[in-house]
Amino acid sequence: MILKLAWRNIWRNKRRTLIVMLSIIVSVSVLLLVDTLSVGMVKQMLDNQINIHISHIQVHKKGFKDDKTVKNYIPDDLKVEKAITETKEIKSYSKRIITYGMINSAYNSSSAIIVGVQPDKEKSITIISNSISKGRYLENENEILLSKKLAQKLNVEIGDKVVLMVSDVDGNISSELFRVVGLYESPYSEFDKLHVYIVIQDAQKILKLDDKVIEFAIIVKDSKYVNHVKERLVQKLGDLYEVLTYADVAPFISIMLDIYYQMIWIYYLIFGVAVCFGVINIMLMSVFERVREFGVLKAIGMKNKDIFLLIMTESFIIGVLGTIIGLALGFALYIPLSKSGIDLGIFAESLAWYGVGRVIYPVLTNFTLALVAFTMPFMSLIGAIYPAVKSIKIEPVEAIKYI
Amino acid sequence: MTIIKTENLTKIYSDGKVEVVALKDVSLEILSGEFIVIAGPSGSGKTTLLNLIGGLDKPTKGKVYLEGKDITVMKREELSDLRLRKIGFIFQAYNLIPVLTVFENVELPLVLLGIPEKERFERVMEVLKALGIAELVNKKPNEISGGQQQRVAIARAIVTEPAIVLADEPTAHLDSKTGGMLIDIMQEMNQTRRITFVICSHDPQVIQRARRLIKLRDGMVESDEKLW
Amino acid sequence: MKKFSPSKNLRKEDEIMFFLKIAWRNIWRNKRRTIITITAIAFATTITVIMRGIQLGTYDYLIRTIAGNYSGYIQIQSKGYSEDPSLRKTFIYSDEIKKIIKSTPDIIAYAPRLYADVMISSGENSYGGIIYGIDPEIEFNFSNFHKKIKHGRFLRKDSSYEVLLGDKLFENLKIKLGDEIIILSQGFDGALWDMKFKVVGVIKLGYTELDNAVIFMNLKDAQEFLSAENRVSVIAILISELEKIEKIKRKLSEELNSKSLVALSWEDVMVELKQSIEFDNASGVLFLAFLIIIVAFGILNTISMSVVERFNEFGISLAIGFKNQKLVLIVLLEILFIVLIGILLGSLLGGIFNYYLIKNPIVLTGDFASVYEEFGIEPKFVSSLKPRIFINTGLSILIVSLISSVIPLYRVYKLEPLKGIRFT
């Protein structure tokens with residue numbers, strides 16, 4: 001009954017109700033878009049890191065994380081391989097050798113992080129093989145894949161030769177000639193500046209590592225299994241090994257996500273308060289216009305709490321209705337955007353610096369949906385409190401005076 | 001001198017299907033200094049006639065001349081100016097601006113006319129005194145009685161020394177004693193200042209005091225006689 | 001009684017004063033509604049002023065620390081250096097160039113630097129590194145590098161073949177202070193050289209990419225080691241006011257053109273920083289724009305309500321000779337009163353907050369802190385009292401409020417006396 005009354009009451013003054021509802025609709029749809037884009041950006045940053053290089057899980061000899069020298073190669077790679085194949089949540093894995101060194105061309109030199117990979121396996125781990133802008137991915141020995149950026153700096157083209165200089169497992173400087181077969185470009189420019197790829201056998205040769213490897217990179221079937229898989233591997237491999245998740249390797253990104261969660265509610269609050277003012281205004285007006293009515297209702301026996309509830313319900317309906325329409329509008333914009341993304345080309349360089357990529361796709365999480373759905377109805381209730389209190393303070397006798 | 005002349009004044013309201021003839025072919029002349037009451041049952045067209053004379057509405061057919069000028073073809077701005085200078089209005093209720101004092105309400109038209117402060121003060125006080133409400137100068141409308149409010153309305157209407165004052169049921173919301181006093185004072189203004197009054201009313205007290213009584217019925221002039 | 005028309009000016013003034021009186025009293029007819037509306041505007045203003053203060057304050061801070069330290073506000077480079085930052089594109093740091101710089105007003109300091117990618121080895125371990133050849137005395141007054149020493153000491157004028165290493169690089173090399181390391185590099189002449197250097201200090205810039213690789217040494221040593229006699233990669237320049245960047249940049253470019261040199265601003269050199277700032281700026285402005293729009297709905301409602309309530313009164317006013325334009329003017333004045341009071345209050349509150357924040361910057365801890373440090377900046381929230389914050393905020397709110405009130409104002413403009421009088 002109260003619901004029916006409330007519904008009819010809010011439409012008594014169409015314009016007033018509609019204007020407040022409009023403000024809610026705008027708030028809700030803007031918050032939805034802003035939130036999903038923010039989440040999208042952070043997730044993209046994280047996903048890019050994972051898919052460009054760090055993968056979900058890395059396995060090394062214990063101590064490699066703090067001392068990244070080739071001396072810390074994996075003691076027993078068969079053992080690791082066995083542990084991996086036994087864990088069914090793992091989708092794919094690849095062996096790598098990683099070392100620091102220098103890359104020299106006829107024209108220039110640059111520091112580099114040299115990654116020795118198994119081309120076929122690496123393809124299923126990272127997107128680098130799909131990010132070739134010129135030439136092709138690695139296939140054979142004596143080939144090298146570097147980034148477009150680095151190639152520019154070294155002034156090399158496909159087919160040119162470069163020299164890699166590293167410090168081998170005995171501590172001696174060793175160098176080798178390689179031919180550039182491909183140029184890649186990832187969304188993360190800082191990565192591109194440093195990383196070059198050669199086949200793992202070449203790396204083993206140049207570092208005098210025989211058949212040893214430094215790292216196992218693992219992609220898990222679903223990211224929610226990551227910690228579970230880590231524990232399994234730790235169990236199976238024991239103390240000699242370190243098993244790191246992407247959060248261990250790049251804590252910075254996870255922090256960004258935490259920061260987002262800490263900050264986003266402020267935006268909701270600000271919009272919420274702004275809407276609240278509008279709600280207080282119209283509910284107050286509506287209450288004072290109906291002074292006589294309330295007086296009569298109370299005189300004929302309606303209880304205070306019912307009148308209070310009536311006002312709260314009216315406001316709540318406005319909040320809910322506005323939110324529903326706002327969500328509809330927000331989704332109408334979100335859905336096409338989630339497919340096509342927003343091209344933020346004018347910020348390309350800085351986005352590449354953060355590793356986000358120039359096209360941002362909004363991502364909807366349950367957290368976002370909940371916040372968006374609950375904020376405005378909640379604020380509508382808050383805004384109705386004062387007017388509702390005022391409405392029950394009306395004494396029947398006083399009200400009749402107004403007639 | 002003729003202040004108002006109407007020729008075949010006709011007003012028809014139509015909402016698409018039904019046509020209501022509020023006024024039909026009303027021709028009359030109003031001379032300066034007259035004290036006219038337009039009477040008739042509700043729906044007879046009194047208010048419509050008053051609105052047309054005052055330039056608040058445009059006729060469907062016919063003409064209205066104010067001091068020789070055809071007001072039916074005037075634009076909104078011109079009419080507004082006319083109402084400010086030449087016509088005074090008194091309505092049944094809500095005549096006054098609630099946020100202004102009695103003084104300021106009466107002063108308002110003089111401000112719009114651009115009359116300097118000192119002269120405004122003199123004229124307003126003079127008119128308030130004449131209407132016996134000088135002591136209410138700083139009161140707001142919600143602080144004075146209905147009868148006093150209507151007097152202020154009269155004061156405002158005459159402070160610009162208009163050619164004609166139009167009143168629509170001025171005593172409608174007043175008790176008979178107050179109503180009587182109000183119409184008396186309007187008569188006084190008419191006689192001392194030679195201001196033409198045209199009053200619509202069905203109040204017998206008002207009709208009694210008419211010098212010329214125009215009776216309307218169904219939008220037409222039923223009778224038009226000088227009483228004294 | 002005489003009637004005369006005085007000069008138009010007097011009439012206008014009087015009238016406006018009267019209207020101001022009416023408008024002012026009108027807004028207080030419904031105290032609660034007016035106060036709520038003013039509070040809403042003040043709220044939006046305060047939030048905007050605070051947010052913009054933090055944003056602009058932070059940008060200034062970032063530019064000063066990052067651009068100031070690394071690229072300088074203006075940088076002189078050889079033409080083509082930005083596409084090809086190699087030893088090949090270094091230039092001779094001649095006296096003529098010094099003269100040109102000295103003759104340019106508003107330049108506070110200028111620091112010549114030589115950069116090169118090298119390999120650094122401790123015998124056990126080798127890594128890629130970047131040489132930063134600097135003039136220690138100049139850098140004292142130029143950048144804050146000397147303040148970031150973690151262990152050991154900064155370079156001295158007479159330092160010979162001494163280096164400072166980035167702290168991560170130092171860790172990776174597994175050495176102690178005082179140890180010697182070998183640096184291997186291709187010189188300006190293309191030949192490969194190596195040389196021993198002594199590690200006298202460890203520096204933590206806070207910028208991971210550099211802490212992993214930077215090797216500070218005396219400019220003279222770098223020039224000698226790299227066979228780049230008297231050559232530098234860039235000259236970083238600090239000027240007195242950020243606003244003068246364009247002007248000085250143009251002047252230097254003109255004068256240095258004949259030597260195949262260009263002057264670039266930090267925006268050209270650190271594109272990522274510039275865009276990050278622009279992105280954050282745009283996001284902030286967009287968010288606040290929507291906030292203002294939402295509050296504008298509230299203003300629209302208030303004005304609509306207050307206008308519709310008075311149609312009766314307006315009708316009668318029109319009947320007695322008030323022109324529609326003048327009624328519109330009164331309502332407009334009412335809007336202005338409400339909005340301006342709100343803006344003033346909000347600006348005051350926001351301004352006080354910003355002032356407090358400037359004097360007592362909030363130092364961040366925990367997660368926030370590590371993000372800042374990742375980019376080499378001190379983790380603190382600063383603010384700004386730049387006038388344009390207040391002006392832009394006030395103007396935006398004013399304009400949006402006026403636009404949102406167009407419809408009620410239009411209704412007043414079009415109102416006919418009888419329609420108003422008969423309105424229920």
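Here is a walk through a predicted model, from the way its chains meet to a sheet in chain B.

Let us begin with the chains and who touches whom. Two pairs of chains are in contact, and chains A and C share the most contacts. Chain A and chain B, on the other hand, are not joined by any contact; their closest C-alpha atoms lie 15 Å apart.

The meeting of chains A and C deserves a careful look. Chain A brings 52 residues to it and chain C brings 51. On the chain C side, at least two residues each come from helix 2 (31–71), strand 3 (107–121), strand 4 (126–134), helix 10 and helix 13 (366–374). Helix 10 of chain C gives the most to this side, with 19 residues. By character, the residues of chain C that touch chain A divide into 23 nonpolar, 18 polar and 10 charged.

Now zoom in on helix 10 of chain C (residues 271–308) and find helix 2 of chain A (residues 14–54) beside it: their axes come within 9 Å and cross at roughly 175 degrees. Angles over 145 degrees count as roughly antiparallel, so helix 2 of chain A is roughly antiparallel to helix 10 of chain C. If you would like to pick out the contact on screen, helix 2 of chain A offers residues including Ile19(A), Val26(A), Val30(A) and Val34(A), while helix 10 of chain C offers, among them, Phe290(C), Ile294(C), Phe297(C) and Met305(C). The residues of this helix-to-helix contact divide into 13 nonpolar, five polar and two charged.

Staying with chain C for a moment, you can follow its division into domains. Domain 1 is made of two stretches, 8–65 and 274–421, and domain 2 covers 86–232. The C-alpha centres of these two domains of chain C lie 53 Å apart.

Finally, turn to chain B, where six strands form an open sheet with mixed pairing, in the order 6-7-8-3-9-10. Strand 6 (87–90) and strand 10 (220–226) of chain B each have a single partner strand and stand at the edges, so one side of each has no neighbour in the sheet. On average, neighbouring strands of this sheet are turned by 15 degrees against each other, direction ignored. For one pairing in detail, look at strand 7 (residues 164–168) and strand 8 (residues 196–200) of chain B, which pair in the parallel sense over five bridges. Asp168(B) is a handy place to rest your eye, as Cys200(B) in strand 8 of chain B stands opposite Asp168(B).

Notes: Residues are numbered from 1 along each chain as its sequence is written. Chains are lettered from A and ligands numbered from 1 in the order in which they are written. This is a predicted model: local features need pLDDT of at least 70, side-chain atom pairs count only at pLDDT 80 or more; totals for chains, interfaces and linings use all residues. Two strands pair if DSSP finds at least two bridges between them. Helices (H or I, at least four residues) and strands (E, at least two) are DSSP runs, numbered from the N terminus. Axes are lines fitted to C-alpha atoms, for helices over the stretch in contact, and angles run from 0 to 180 degrees between N-to-C directions. Domain bounds come from an automatic or database domain assignment. Angles under 35 degrees count as roughly parallel, over 145 as roughly antiparallel, 65 to 115 as roughly perpendicular and the rest as oblique. Two residues are in contact if their C-beta atoms, placed from the backbone, lie within 7 Å. Ala, Val, Leu, Ile, Met, Phe, Trp, Tyr, Cys and Pro count as nonpolar, Asp, Glu, Lys and Arg as charged, and the others, Gly among them, as polar.
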